[in-house]
Amino acid sequence: MSKPSSFSLRGRKALVAIKDERDLSIVRRQFERLGIDVLTWELDGALGCHADVTLIDDEFLPLTSPTQRALLGQCPVIALLGTETPSRLKLLLELDPASFLVKPLRSAGIYAALVMAFERAERTNELRQQVVKLEERLRSRRLVLAAVLQVMHTHSVAEPAAFALIRRAAMEQRKTIEQMSAEIAAKGSLPRATG
Amino acid sequence: MGREILKSALMAVDEINDHPDFDFSLAAHVRDPRGIISEYHTVCDDLIRSAGVEHIIGCYTSASRKQVLPIVERTDRLLWYPARYEGFECSDNVMYVGASPNHNVLPLVRYVLDNVSRHIFCVGSNYVWTWETNRVTRELVTAAQGSILAERLLELGESAVGHIVDEIVRRKPPVVFNTLVGSSSYDFIRAFHAATTAAGLNIPMLSCSLCEPELKIVGPASAGCITSSAYFESIRLPENLAFVQRWKARHGETSSPSVDGQSAYVAVYLLARALQRAGTSNIGEVRRAAAGYRYNSPQGPVWIDGGNNHCVLTSRLAVSNAQGQFDIFWESDAPVKPDPYLTQLDVAVGPAREKLKDGSSPSALHLRVVK
């Protein structure tokens, strides 16, 4: 199975919302060099196809349609800045851009902005998945605590020993400690106090 | 190397001015930034504002090109950049006449992976050319289940190479990739040759930059280096035989053209031919006229790819010999399309076999043996 270079952008699709014709032609040409397909975003029209990245001109902001905002939430966003005023930056920050470019555009910078956007999106996704996992574990702490207390009470053991019993039972049954704890709390079925 | 580029560019200017096919003459305004990076900006500013220059031929390092770039873009001039470089740039105001990374690094590393070893010891100068060459090498080597045994970097101009040579003799890597430049490279090659000979080792060395004038500087120790380049003095094309003859008549029988010098010569010809075709020196018109306009140069047919302003050219591999020349053993079977962003690089995929409509090969290389 061949693996493309991590810095090769060939075959990716970009949704491009740029007003200025010159800037748009620079983006088109540079994307062609990089092997990226361009999908032009008509703001008043519906867009069904999936893009890997969106370039959006700050002149299109603020986005009023919920559909447009939802569309931007599906892939990394590169913001095209025409002005650095805080009011404009505030509008851009609402899009949570992964990278940015400053107008007027040059070919230089576009490749780096794309690579950074994809990397940023990848790392943000990893962090999000990690947060979800941690939140699940946090929620199940109450169950683990309840199970530990139950085992401490029924087996007359201290907290470390009770936890060790639950962990061993979980390992034997190939379950997570959280799943084992949920069963103990729900069914009252306790691991045997052996060993 | 700057002097080699200047000598070659001026030779081309003189030829064009004497040639009946060109109905104009070129006026060369020479400035010497002396390799001082900050001087390039000043010198180009002067060329454009005071001398009214429209086309600039020069720059060797990427650092110097980056200094010139903002001025040529702001004033809409054209820089004809002759040197091979690491890619990842594409300005409308630069014509990149030298090799792109897919022209030299890729064929060299692929050849080594197929024929020498999958384990490479890298030594290079601590700057962008080495960093990027090593990155690409690492991607190719890793995809082939090989390894980079070491990546040793020396500051530009550093001559203390002994500790790296000692490490090579101790570890006996199957192959060494040398991306050192200038005097560091010469010192390293001499020390490497002496130490490996004394130890009875036969370790091949690789290079993407070694050229004939450097072989003369280094001496006999430079023999045996597997080198990737678009130009060697030993190319047996009639255009090159005539070029070398003219070169020696102008610069002396013992003198040799270099790849970057020859590229500057090609750059002047590409410019002159585009000027002739466009009928004007207007930058946009010249750029359009240059795109796809084939020139049978000393290194073979070349032309500018209108999509990215880089040169379509033939890749070659050779081994340096004891006579200060290169024995060419492989070359691409057609001029290769430039791929400055290595967009077409698929590290695990072998060479493609198809040809493009314009007669060039796709950037993935296929090579043939040259007798």
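**Note on the predicted model of chains A and B**

1. The contact between the two chains draws on 19 residues from chain B and 16 residues from chain A. On the side of chain B, the residues B:Asp92, B:Tyr341 and B:Thr343 together supply 35% of the area that this chain buries against chain A, more than any other three residues. The area buried between chain B and chain A comes to about 1400 Å², and carbon and sulfur atoms give 43% of that area. As background, the accessible area lost when the parts come together is often used to give the size of an interface.

2. It should be kept in mind throughout that this is a predicted model, with scores of ipTM 0.74 and pTM 0.83. For chain B the mean pLDDT is 92, and 94% of its residues reach 70 or more. Two stretches of that chain need separate mention: over residues 351-357 the pLDDT is below 50, although the stretch has 15 contacts in the model beyond near neighbours in sequence, and over residues 362-369 the pLDDT is again below 50, with 38 contacts in the model counted beyond near neighbours in sequence. Predicted coordinates should not be read in detail where pLDDT is low.

3. Turning to the polar side of the interface, there are 3 salt bridges between chain B and chain A, and the count of residue pairs in polar contact between these chains, both at pLDDT 80 or more, is 9. Helix H3 (62-75) and helix H5 (128-143) of chain B each supply at least two residues of the side of chain B that touches chain A. Sorted by class, that side of chain B has 9 nonpolar, 5 polar and 5 charged residues. One salt bridge can be named here, in which the side chains of A:Arg106 and B:Glu73 meet at 2.6 Å, N to O.

4. As for the architecture of chain A, the chain has 6 helices and 5 strands, and its elements, read from the N terminus on, follow the order β-α-β-β-α-β-α-β-α-α-α. Of the 195 residues of chain A, 37% count as buried. Among the contacts in chain A with a separation of 6 or more, 58% are accounted for by residues 24 or more positions apart.

5. Over all chains the count comes to 29 salt bridges, and A:Lys103 takes part in at least the two described here. In one of them A:Lys103 pairs with A:Asp57, the closest N and O atoms being 2.4 Å apart. This pair links distant parts of the chain, since A:Lys103 lies in the loop between strand S5 (99-102) and H4, whereas A:Asp57 lies in strand S3 (residues 53-57), 46 residues apart. Is this pairing buried or exposed at A:Lys103? A:Lys103 counts as buried because its relative accessible area is 14%, under the 20% limit, and A:Asp57 is likewise buried, at 0% relative accessibility.

6. The side chain of A:Lys103 also meets that of A:Glu59 in a salt bridge, at 3.3 Å, N to O. Here too the pair links distant parts of the chain, with A:Glu59 in the loop between S3 and helix H2 (66-72) of chain A, 44 residues apart from A:Lys103. A:Glu59 counts as partly exposed, at 44% relative accessibility.

7. In chain B, a salt bridge joins B:Arg190 and B:Asp187, with the closest N and O atoms 3.6 Å apart. Both residues lie in helix H7 (residues 182-198) of chain B, 3 residues apart, about one turn of the helix. B:Arg190 is partly exposed at 34% relative accessibility, and B:Asp187 is partly exposed as well, with a relative accessible area of 24%. Returning to chain A, salt bridges that share partners join A:Asp57, A:Asp58, A:Glu59 and A:Lys103 into one network.

8. A last point concerns A:Val115, which lies in helix H4 (residues 110-155) of chain A. Which residues does A:Val115 contact, leaving aside its neighbours within four places in sequence? The partners are A:Phe7 and A:Leu9. A:Val115 counts as buried because its relative accessible area is 13%, under the 20% limit. By C-alpha to C-alpha distance, A:Val115 and A:Ala185 are 49 Å apart in space, and they are 70 residues apart in sequence.

Note on methods
Residues are numbered from 1 along each chain as its sequence is written. Chains are lettered from A and ligands numbered from 1 in the order in which they are written. Side-chain values use heavy atoms; hydrogens and water are left out. Helices (H or I, at least four residues) and strands (E, at least two) are DSSP runs, numbered from the N terminus. Buried means under 20% relative accessible area, exposed over 50%, partly exposed in between (1.4 Å probe, protein chains only). Contact means heavy atoms within 4.5 Å. Buried area is the accessible area (1.4 Å probe) that two parts lose on being put together, summed over both. A salt bridge is a side-chain nitrogen of Lys or Arg within 4 Å of a carboxyl oxygen of Asp or Glu. A polar contact is a pair of N or O atoms within 3.5 Å; within protein, one must be able to donate a hydrogen and the other to accept it, and residues adjacent in sequence count only if both atoms are side-chain atoms. Ala, Val, Leu, Ile, Met, Phe, Trp, Tyr, Cys and Pro count as nonpolar, Asp, Glu, Lys and Arg as charged, and the others, Gly among them, as polar. pLDDT is the predictor's confidence in each residue, from 0 to 100.
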